[in-house]
Amino acid sequence: MKKAVFISIIVSGLALAGISSAAGFSVRLSNAYPTQGDTIIIGVYGSASTPQTAALGGQTASFFPFGGKYVAALGLKVTAPAGWQKVTLNFADGAVVTRWVDVLKKNIVVENLPIPPSLGVTAPQLVQSLTDENTIINKIVATVTPHSYISKYFGLPLANNTYITDRYGILRKTGDQEIWHLGTDFAAPAGSIVGAMNAGIVRFATSTFSYGNMVVVDHGEGIYSMYLHMSKILVSVGQAVRQGQTLGLVGDTGFSTGDHLHISIKVNGVTVDPLRFVNVF
Ligand SMILES: [Zn+2]
């Protein structure tokens with residue numbers, strides 16, 4: 001009797017959307033119909049051969065153990081090609097498994113955003129400083145630490161994360177300049193504690209011209225979180241942090257017009273939607 005119940009659970013489990021089984025193991029995608037800017041988490045369960053890499057387009061991610069399975073994270077750019085895209089999984093024994101995802105177009109909000117005079121810069125100056133700082137950040141997040149520091153799912157950084165003022169995927173037009181907003185902004189009182197979204201190592205903790213006081217945390221395996229515009233930084237480069245550990249305090253530094261926290265998530269160098277990232281990982 002017990003055996004019969006067990007079998008029925010297995011059958012119903014395999015019937016769930018997104019789960020498929022081959023050669024005694026199963027592959028589960030967090031979403032087979034992701035939107036531009038999403039992260040696809042691929043889970044491999046019960047495989048005798050260790051899954052090694054997952055690839056989509058020109059992006060390759062390594063699998064790592066997490067919660068009794070192996071996972072890999074692939075990020076979709078806000079401008080990623082829409083339509084069916086192939087995900088290729090490579091296993092240690094040479095096996096290759098493919099899955100398909102149908103990438104949906106994101107509804108991009110275009111905003112006309114003149115630069116507030118209080119910031120004291122022109123649009124080209126702003127774009128130049130963002131370009132310079134992005135070059136530094138891109139170099140940091142291009143480094144893939146071949147180890148995961150995390151043991152829990154990601155969380156949001158504030159005690160109260162409900163006051164979202166600007167979301168991911170806004171195209172801001174300032175004169176003839178275009179600036180993508182590829183993070184999430186939370187309004188919060190100055191001095192609110194900013195906690196690490198997961199465990200990791202601090203790779204950047206410096207005051208910058210446009211992003212203000214900024215901290216970048218390396219979670220390993222190509223996943224980074226970033227915290228901008230803080231009034232104060234309370235960690236230093238090389239420091240190990242646990243999930244929720246204080247990184248700094250909410251502020252209004254850099255190109256900011258009020259106390260708020262901007263967070264960004266980088267997955268294999270791709271800037272993904274932080275809110276949708278924490279939904280899947
Ligand atoms: Zn922002």
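Reader: How many aromatic pairs does a search of the whole structure find?
Author: It finds 10 aromatic pairs. Keep in mind that this is a predicted model.

Reader: Take Phe25 and Phe91. What kind of aromatic pair do they form?
Author: A tilted one. The rings sit 5.1 Å apart, centre to centre, with 50° between the planes.

Reader: Where do Phe25 and Phe91 lie?
Author: Phe25 is in strand 2, residues 25–29. Phe91 is in strand 8, residues 83–91. The pair therefore ties together parts that are 66 residues apart in sequence.

Reader: Is Phe25 buried or exposed?
Author: Phe25 is buried, and so is Phe91.

Reader: And Tyr33 with Trp84, what sort of pair is that?
Author: That aromatic pair is edge-to-face. Centre to centre it spans 6.0 Å, and the planes are 70° apart.

Reader: Which parts does that pair tie together?
Author: Tyr33 lies in the loop between strand 2 and strand 3 (39–45), and Trp84 lies in strand 8. Those parts are 51 residues apart in sequence, so the pair links them across that stretch.

Reader: What is the relative accessible area of Tyr33?
Author: It is 47%, so Tyr33 counts as partly exposed.

Reader: Which other residue is found in the loop between strand 2 and strand 3?
Author: Gln36 is found there. Gln36 has a relative accessible area of 5%, so it is buried.

Reader: How far is Gln36 from Val272?
Author: Their C-alpha atoms are separated by 8.5 Å. Along the chain, Gln36 and Val272 are 236 residues apart.

Reader: Back to aromatics. Which residues form one aromatic cluster?
Author: Phe64, Phe66, Tyr153, Phe154, Phe277 and Phe281 do.

Reader: New topic, the metal. What coordinates the zinc ion?
Author: His181 through NE2, Asp185 through two OD entries, and His262 through ND1. The distances run from 1.9 to 2.6 Å.

Reader: What spacing do the donors follow along the chain?
Author: The spacing is H-x3-D-x76-H.

Reader: Why is the arrangement irregular?
Author: The four donor atoms subtend angles of 55 to 151° around the zinc ion, and that makes the arrangement irregular. For a tetrahedral label, all angles would have to lie between 85 and 135 degrees.

Reader: Is His181 buried or exposed?
Author: His181 is buried, and so is Asp185.

Reader: Now pockets. How much space lies in the largest pocket?
Author: About 950 Å³. It is lined by 40 residues. Closest to the centre are Leu130, Arg172, Ile179, Trp180 and His181.

Reader: So His181 shows up again. What else does it do?
Author: His181 is also one of the residues that coordinate the zinc ion.

Reader: Which elements give two or more residues to the lining of that pocket?
Author: Helix 2 (123–141) does, along with strand 11 (164–166), strand 12 (170–174), strand 13 (177–181), strand 14 (184–187), strand 18 (223–230) and strand 22 (260–267). Helix 2 gives the most, with seven residues.

Reader: What is the lining of the largest pocket like by class?
Author: It has 17 nonpolar, 16 polar and seven charged residues.

Reader: How many cavities of 30 Å³ or more does the structure hold?
Author: One. The largest cavity has a volume of about 30 Å³.

Reader: What lines the largest cavity?
Author: Ala61, Ser62, Phe64, Ala73, Glu221, Ile223, Val267 and Asn268. By class, that lining has five nonpolar, two polar and one charged residues. Phe64 also belongs to the aromatic cluster.

Key:
Residues numbered from 1 in each chain as written. Predicted model: local features only at pLDDT ≥ 70, side-chain atom pairs only at ≥ 80, totals over all residues. Heavy atoms only, no water. Donors = N, O, S within 2.8 Å, 3.2 Å for Na, K, Ca; no water. Tetrahedral: all angles 85-135°; square planar, octahedral: opposite > 155°, others 65-115°. Buried < 20%, exposed > 50% of the residue type's maximum accessible area, 1.4 Å probe, protein only. 1 Å grid on protein atoms, 1.4 Å probe; cavity = no way out; pocket = protein on both sides within 12 Å on 5 of 7 lines; lining within 4 Å. Points joined across faces, edges and corners; volume = space filled by probe spheres on them. Helix = DSSP H or I, 4+ residues; strand = E, 2+ residues; numbered from the N terminus. Nonpolar A, V, L, I, M, F, W, Y, C, P; charged D, E, K, R; others polar. Phe/Tyr/Trp six-rings, centres within 6.5 Å; stacked < 30°, edge-to-face > 60°.
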